[in-house]
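Here is a short tour for anyone about to work with these coordinates. Take a look at the sequence and the model first, then follow the notes by topic.

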Amino acid sequence: MKLLTPAILVLSLLASGAQAATLKIATLAPDGTSWMKLLREAAAEIKTETEGRVNVKYFPGGVQGSDKSVLRKMQIRQLQGGAVASGAFAQIASSTQLYSLPFTFRNLEEVRAIREEFDPYIIQDLAKNGYVVLGISEGGFAYLMSNKAIRTSSDVQDRKVWVPEGDMISQTTFENGGVSPIALPVSDVYTSLQTGLIDTVAVNPSTSIALQWHTKLDYATDYPLVFLIGMMVVDDSAFKKFSPADQATVKRVMAATFAKMDAQNEIDEAGARQALAQNGIEFVELTEADKTAWQALAKGAIAALADKNVYPVDLYKKLQQRLIELRQAK
Amino acid sequence: MAACSVGRLPSNLSRSMMNQDDPAVVAAGAPAYLLLLDALVLTYPDDEDFLLAASRLYGAYAGVFAQDEEQAKSMADKAMTYARRALCEYDDDACRLVDGPADALNNALYLDYDSDDIAVFYAFASAWAGWIQANTDDWNAIAQLSKVTILMTWVASHDPAYDNATVQVYLGVLETQLPPSLGGKPEAGRAHFERAIELTDGHNLMAKVLFAKQYARLMFEQELHDRLLQETLSADPHFEGLTLINRLAQRQAHLLLAESADYFE
């Protein structure tokens with residue numbers, strides 16, 4: 001008996017150090033999309049490599065509610081993770097908004113150069129708040145799309161512009177341009193385009209097609225407005241229950257998957273842009289003067305957002321400095 | 001005279017195929033029939049019936065028996081080409097309409113066409129749906145989805161039970177592409193699946209399988225999912241015009257049911 005007790009103790013200690021558990025992760029991304037296919041492949045790989053100790057289970061298509069409800073459910077431990085848009089973390093970690101300010105980037109090349117240096121700030125900031133970042137994903141650039149050609153800020157003032165509910169950056173940007181935008185959840189956008197409640201949206205090409213908004217729009221202003229970012233996070237306390245080796249496996253597999261997703265997203269955005277043109281959407285080119293005017297407008301919005309503490313001002317200045325250096329080096 | 005007797009061949013062959021009990025027989029036999037239809041279309045290039053029969057069979061083969069994605073794409077492409085030729089033979093305006101804006105297509109269908117026109121539009125819409133299904137990696141294909149919905153909705157407005165209520169099944173699938181959080185209307189899709197089941201007295205088993213696969217999975221309703229699949233498996237698949245599809249539905253039901261716990265729990 002005396003011999004048995006320590007043996008059992010050792011066994012149970014080992015077991016608690018390497019518990020089999022499920023990470024329940026919710027997302028708005030519908031099942032069957034290339035994004036979800038890659039995530040499911042990653043889950044299978046993780047399960048195999050950890051010999052079943054880590055089981056990743058997804059709830060796709062918004063079955064667990066909006067990004068906001070996913071984060072709430074994570075707090076009450078109903079879910080361990082979520083793959084959500086960066087905006088969902090606006091109130092939690094302001095660094096998550098770093099890439100989301102208007103007209104910051106001119107192209108994907110700039111985004112990628114910046115991410116290398118600045119992703120770690122976002123990851124650390126979320127870690128301080130109890131979230132482990134398993135991946136940051138690129139969603140491409142959002143463009144202004146409308147049923148009338150938009151070249152200048154005065155063109156947009158006549159439009160009925162949609163902004164996502166609770167999206168402080170979009171709201172402030174348009175208000176700063178003299179527009180009173182209409183805030184709606186994503187679920188209402190298609191119907192509102194149909195009824196004419198709104199006629200202008202800022203969206204990336206692939207989403208405009210996936211949600212069929214493009215059928216209600218005729219023009220896209222060919223100047224990237226804002227870069228879209230998503231993040232997959234898990235609750236720190238749930239993640240720590242896995243052994244360090246299993247944690248490392250999950251992080252490694254997910255990092256490789258997110259790299260694949262970014263490559264896929266780049267292909268998707270290029271394909272979707274071409275498809276928009278093939279299906280009757282006219283891309284409106286801007287003159288240099290128009291672009292400068294939009295930039296000036298954005299500057300005002302970014303200053304206003306700094307006053308509201310929406311993003312980390314010093315870090316953003318550093319990012320802008322890097323962009324200047326990158327552009328000069330060309 | 002020869003053309004006249006040959007003319008009945010596609011519809012009779014199609015009928016005997018749809019009533020076939022063993023999908024393997026059809027899988028093995030269909031390629032020969034595809035070649036025969038190609039030859040008939042070559043011989044009678046303006047014959048809408050041959051073009052439509054060829055489109056239907058290539059479309060069905062792409063969706064059900066294709067060995068890989070590339071074969072499915074090429075078969076679906078051929079189905080689409082034949083359907084387009086049939087539609088253009090049938091009506092010049094319709095031929096232009098389907099390539100134009102969605103709203104114009106919608107308006108013209110209700111103003112300028114009636115129930116006499118549904119066969120060609122339905123065949124075209126089915127080929128189009130199959131082509132999009134085979135090309136989901138192509139944004140240009142996905143961008144055209146709303147026009148298929150417009151065509152199918154118009155067909156169903158004239159004949160809700162068209163093609164053994166398969167028109168309702170198409171609409172069910174089309175309406176369950178997106179969750180409500182992204183603006184989808186899965187409840188509308190559910191209503192179409194239920195209508196298909198009701199209109200065929202439960203004989204269209206593919207309606208039940210796609211109801212489970214599309215709606216129940218999207219809305220995370222495991223009980224409904226498993227019940228529909230169990231019903232499919234215990235049903236008699238034999239029904240005029242649906243036997244082959246029902247056999248395939250049962251095969252799919254097995255697979256979906258086996259994945260159920262993994263997906264929902």
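In chain B of this predicted model, B:F220 sits in the loop that links α12 (205-218) to α13 (222-234). The backbone there has a phi near 60°, which is a positive value in a residue other than glycine. From this loop the notes move to other sites in chain B, then to the strands of chain A, and end with the cavities.

**Loops with a positive phi**

- B:F220 has a counterpart in chain A: A:E51 is a residue other than glycine with a positive phi, near 50°.
- A:E51 belongs to the loop between α2 and β2 of chain A.
- Is A:E51 buried or exposed? With a relative accessible area of 66%, A:E51 is exposed, because the cut-off for that class is over 50%.

**Two buried sites in chain B**

- B:T200 lies in the loop between α11 (186-199) and α12 of chain B.
- The relative accessible area of B:T200 is 8%, so this residue counts as buried, the limit being under 20%.
- Beyond its neighbours within four places in sequence, B:T200 touches B:N164 and B:A165.
- B:W154 is part of helix α9 (residues 145-158) of chain B.
- At 0% relative accessible area, B:W154 is buried.
- Which residues surround this tryptophan, leaving aside neighbours within four places in sequence? B:W154 is in contact with B:L109, B:Y110, B:Y113, B:D114, B:D117, B:I118 and B:F121.
- Measuring from C-alpha to C-alpha, B:W154 and B:V167 are 10.0 Å apart in space, and 13 residues apart in sequence.

**Strands β1, β2 and β3 of chain A**

- Strand β1 (residues 21-27) of chain A runs parallel to β2(A), and six bridges join the two.
- Between β1(A) and β2(A) the chain passes through helix α2 (residues 34-49), and this β-α-β crossover is right-handed.
- Two of the facing pairs can be picked out by name: A:K24 is opposite A:K57 in β2(A), and A:A26 is opposite A:F59 in β2(A).
- How many residues of strand β2 (residues 54-59) of chain A are buried? Five of the six are, so the strand is largely enclosed by the rest of the structure.
- β1(A) also pairs with strand β3 (residues 81-85) of chain A, again in parallel, through three bridges.
- In that pairing, A:I25 stands opposite A:G81 in β3(A).

**A closer view of A:T22**

- A:T22 is a residue of strand β1 of chain A.
- A:T22 has a relative accessibility of 32% and therefore counts as partly exposed, a class that falls between 20% and 50%.
- Outside its neighbours within four places in sequence, A:T22 is in contact with A:N55, A:K57 and A:Q80.
- One of these partners, A:N55, is 33 residues away along the chain, yet the C-alpha atoms of A:T22 and A:N55 are separated by 4.5 Å.

**Cavities**

- Rolling a probe the size of a water molecule over the atoms shows where empty space remains.
- How many cavities of 30 Å³ or more does the structure hold? There are three.
- The largest cavity has a volume of about 80 Å³.
- Its lining is made up of A:F103, A:L144, A:V156, A:T173, A:F174, A:G177, A:V179, A:L225, A:W294, A:L297 and A:A298.
- Two elements of chain A, α6 (168-176) and α11 (288-307), each give two or more residues to the lining of the largest cavity.
- α11(A) gives the most to that lining, with three residues.
- By residue type, the lining of the largest cavity has nine nonpolar, two polar and no charged residues.
- The second largest cavity has a volume of about 50 Å³.
- Around the second largest cavity are A:F103, A:Y143, A:L144, A:T221, A:Y223, A:L225, A:L286 and A:W294.
- Seven nonpolar residues, one polar and no charged form the lining of the second largest cavity.

Key
Residues are numbered from 1 along each chain as its sequence is written. Chains are lettered from A and ligands numbered from 1 in the order in which they are written. This is a predicted model: local features need pLDDT of at least 70, side-chain atom pairs count only at pLDDT 80 or more; totals for chains, interfaces and linings use all residues. Side-chain values use heavy atoms; hydrogens and water are left out. Buried means under 20% relative accessible area, exposed over 50%, partly exposed in between (1.4 Å probe, protein chains only). Helices (H or I, at least four residues) and strands (E, at least two) are DSSP runs, numbered from the N terminus. Two strands pair if DSSP finds at least two bridges between them. A crossover is right-handed if, with the strands pointing away from the viewer, the path from the first strand over the helix to the second runs clockwise. Contact means heavy atoms within 4.5 Å. On a 1 Å grid over the protein atoms alone, a cavity is a set of points where a 1.4 Å probe fits but cannot get out, and a pocket is an open set with protein on both sides within 12 Å along at least five of seven lines; lining residues have an atom within 4 Å of a point. Grid points are joined across faces, edges and corners, and a volume is the space filled by probe spheres set on the points. Ala, Val, Leu, Ile, Met, Phe, Trp, Tyr, Cys and Pro count as nonpolar, Asp, Glu, Lys and Arg as charged, and the others, Gly among them, as polar.
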